[in-house]
Structure formats: structure tokens, C-alpha cells
Amino acid sequence: MPMFKSVVVILLALTSLFGAKVTLHDWERGQTFSNFLEEHNIPKKLLGQISDEDQKFLTEIQSDSKYYQLVGADNTLIQALIPINEEMQIHLYRDRESGEYSFDIIPIVYEENEYFANVEINSNPYSDTLECVKEEKIAKRVGQALKNTINTKSLAKGDQVAFCYKQRTRLGEICHMPSIEVIKLTTRGKTKFIYADEDGDGHLEGAQRTSFSKEGDLVHLVPFRDRSKKLGMPLRHIRITSSFSYRRWHPILKRYRPHHGTDFGARTGTPLLAVYEGTVSYAGWMGGYGKVVKIRHPRGYESLYAHQNRISVRRGERVKKGQIIGYVGSTGRSTGPHLHFGLQKSGRWVDPMKHLQRTSLNKQKFNKIVIKDAKMHKEKLVRLLDANSSTYVWDDTSTQSTRIGG
Ligand SMILES: [Zn+2]
């Protein structure tokens, strides 16, 4: 994607040319795009130039995420890069001649490198890892992967925790949570291999209902424990017309755009059901999403039901799981009657289909977790350990990165 890379190059080149400064900031909770324009004295007419389709993303800037801005010597904003998810960002830039601002949504350019660490247990995996890699996010991930697979209290002084992980960086700063590929645990002379899934939870090789596929993926059938805690479906009959994606090809706009939800085909007037008990946090018009209801649920979930024909709840109202909260429609930017259903977990958009329980699958006893390329990652880690490789971790003083493995 040479086109996208050039954005970063231009950003950095301008810095040295005009004495402009690139700075990193937190997008704080409650901050809005419109406030951001105001702060930088950017005329509000820009909002009117943003397509209906893209208006939606202005409300989807993730709080607590980091954004870059390039500010000129006279304090005018030259460029800003504001993430809307892990893959895409808003690109706001000022034309040097006319002084007019333009808006676009472009992929985030980041570097992804693999690292390796070999930690000796002294007190516990979390603090020993933290001391070794000097990065809290990685220590958290290691702790999480071990927590549900082994009894960490049984670890003894001198045990070894070796692991490979991937870390993304953007303009020299860590972005996103690191992902642990595989951990080799050596405890009291025994070795165990633990693999982390997309959510960071660990899966122990050789445990009940685990196996390797012929492609080398680890497959783990995890029993559903508490079914009553599962989120239900927003419609009685399910027909998926478009899936969740951090960046999908938009056939009409001919550009990449995120799709922060699942689309379900249904006739106008079909009842919409709350996927879980909760409190209505929003009920009304929301730009390209038309008539929208948002519900805040326990355990950090928030659900969104867009393009409604009619809303039947009010903000602040308590709702039960399965209660009718509105009816399918085609309001806002929509090509026909359907439900756009969005789901956030702890403020991040997640794929609803990974969290909703299909009623027709209620008899299903297990959740199938597949960890891609587990065998390959294991072999790589074993090779590194056999070669007595020294710990190689990311640190912000390193001027260049080298990759390990293949
Ligand atoms: Zn949609």
C-alpha cells in the first residue's frame, strides 16, 4: 500500500521543513469531533462536506486512543490522524494554498514485529515478566494466558516462562495490545505449551478436548458454562446480509471503510429485541444510522440497533433480555430495510457474532476455539530456546527493529 505509507512520510517531511511539530495526544472520554474542530478554529462547514456514510464514524472515535497532530509554527493544524478502530483512522489535512481542510478515512500504517522473552520465575509470572520486558501490557497478556490454564500459585522459584509475541507500533509508539503466540512453561522439570486466542485467553496443549488440525492449528472445544449469561439475538429469525469488519471494501465508495456491526435482513416492522437486560443509553436520531437505540448492559457491553422504523423505548428506561425495543426500518443511510446491529465491549467495537448466542444452537455444548498456526509458533519458540537466544523485546530507544523467525 505505497499510497498510505506516503501519508506518514509527508507528515514527517513537513516536520523538518517548516519547523512544524508532530505530537501525540489522548482522545479523552466525551471529546467529540466537532469540539476538536472548534479547538483548532476549523470552520464547521467541514462537517457538512463529510458524506452521510462517513458521518457515522465521527461518533465512533474510540476514547482513550492516541492520535497524532501536526501543528505549524503559527499554531494552525496542518494534519491530524485519529483512529476509529485498530485498522482505520480519520485523516484531517489542510491545503497549504487555500487553507481549506479535507477529511478522509484511511488505513493505519503500523509496523508489526515479533519478539521473544525468556523469564525466570522469582515471585509470580506477572511481575517477573514486567521486570524482564518493561511493558505492562505484555505482562498482563502473559498473566491472562496462564491464569485459566494452570495454577500459577504452584509455580516455583527457578521455573521458566518463555514466549513469543507480536507487537504493533505506529511512528515509534506502541499501539494496540500485544498478542502472545505461544508460551513454553517449564515447571519442576515438566514442560507445557500454552497458546493465546484472539481475546488473550490461554489454551493448554494436551488438555481435554484439544487437538491439532492437519494445518497445524490448535482446536479447543470449550464447554459453555453459564448459558444464562449469554447475549441473545436481536431478531427472532436471523439472516445475515453483511458481517463485521475493521476494514471492508466499500463497493459504492470504492474505498476501504470499517463495518462496526452485523447487518440482518428483515422486513419493515419486524420487532427488535434487547440482546440482554440493561439500561437504554440512547434513543433517537444518529446521523447515517437513522433512528437508533443503544443499551448499556452488565460486564462492559453496549448494544446498538440502527435504521429503525419506530423506537419503542426511552432513554434511561430499564429493559429485559428479549424485550421489544423498536422495529426494523430503513432510516438514515440505508439501501433497504435491515437491522445494523453493533456491539461494544469495554468501549471497543467487537464482532457481534462472536458474542451472541444463536437460539437454534442452544443445544450446542461447546464453543470451538481455533488458534491459527499454533504448531508453527511452537516450533519457532523451541528453535529460539535451542539456540539459547537472548531476550529480544521492544523498547522506545531502539532506532531500528529486526524481525525474528520467518
Ligand atoms: Zn451495517
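The legends below describe several close-up views of a predicted model.

**View 1. The zinc ion and the three residues that coordinate it.**
In this predicted model, the zinc ion is coordinated by the NE2 atom of H259, by OD of D263 and by the ND1 atom of H340, at 2.0 to 2.2 Å. Along the chain, these donors follow the spacing H-x3-D-x76-H. Because D263 belongs to strand β16 and H340 to strand β23 (residues 338-345), this pair ties together parts that are 77 residues apart in sequence. D263 has a relative accessible area of 10% and is therefore buried, since buried means under 20%. H340 also counts as buried, at 3% relative accessibility.

**View 2. The surroundings of T262 in strand β16.**
Strand β16 covers residues 262-265, and T262 is found in it. With a relative accessibility of 0%, T262 counts as buried. When the neighbours within four places in sequence are left aside, T262 is in contact with I240, S242 and F244, with L339, H340 and F341, and also with D351, P352 and M353. One of these contacts, H340, is also a residue that coordinates the zinc ion.

**View 3. An open sheet of five strands.**
The strands of this sheet follow the order β1-β2-β3-β4-β5, and their pairing is antiparallel. Strands β1 (21-27) and β5 (101-107) stand at the edges and have a single partner strand each, so one side of each is left without a neighbour in the sheet. On average, and with direction ignored, neighbouring strands of the sheet are turned by 20° against each other. Strand β4 (residues 88-94) pairs with β5 in the antiparallel sense over seven bridges, and R94 stands opposite Y101 of β5. In a regular strand, the side chains alternate between the two faces of the sheet.

**View 4. Strand β12 and its pairing with β11 and β25.**
Strand β11 (residues 210-212) runs antiparallel to strand β12 (residues 218-223), and three bridges join them. Within this pairing, F212 has L218 in β12 as its bridge partner. The hairpin of β11 and β12 has five residues between the strands, and in this hairpin G216 takes a positive phi near 90°. Strand β12 also pairs with strand β25 (residues 366-371), again in the antiparallel sense, over six bridges. Here L221 stands opposite K368 in β25.

**View 5. Aromatic rings that pair with one another.**
A search of the whole structure finds ten aromatic pairs. In one of them, the rings of Y115 and Y165 have their centres 5.5 Å apart and their planes at 35°, so the pair is tilted. Y115 lies in strand β6 (residues 111-120), while Y165 lies in strand β7 (residues 160-170), so the pair ties together parts that are 50 residues apart in sequence. Y115 is buried at 1% relative accessibility, and Y165 is buried with a relative accessible area of 0%. The rings of F163 and Y165 are likewise tilted, because their centres lie 5.8 Å apart and their planes are at 40°. Elsewhere, ring pairs link W27, F33, F36, Y67 and F103 into a cluster.

**View 6. Two arginines that lie over tyrosine rings.**
R247 lies over the face of Y256, at 4.7 Å from the ring centre. The charged end of R299 sits over the ring of Y276, 5.6 Å from the centre of that ring.

Methods:
Residues are numbered from 1 along each chain as its sequence is written. This is a predicted model: local features need pLDDT of at least 70, side-chain atom pairs count only at pLDDT 80 or more; totals for chains, interfaces and linings use all residues. Side-chain values use heavy atoms; hydrogens and water are left out. Helices (H or I, at least four residues) and strands (E, at least two) are DSSP runs, numbered from the N terminus. Buried means under 20% relative accessible area, exposed over 50%, partly exposed in between (1.4 Å probe, protein chains only). Contact means heavy atoms within 4.5 Å. Two strands pair if DSSP finds at least two bridges between them. Axes are lines fitted to C-alpha atoms, for helices over the stretch in contact, and angles run from 0 to 180 degrees between N-to-C directions. Donors are N, O and S atoms within 2.8 Å of the metal (3.2 Å for Na, K and Ca); water is not among the atoms, so sites may look incomplete. Rings of Phe, Tyr and Trp (its six-membered ring) pair if their centres lie within 6.5 Å; planes under 30 degrees apart count as stacked, over 60 as edge-to-face and the rest as tilted. A charge sits over a ring if NZ of Lys or CZ of Arg is within 6 Å of the ring centre and within 35 degrees of the ring normal.
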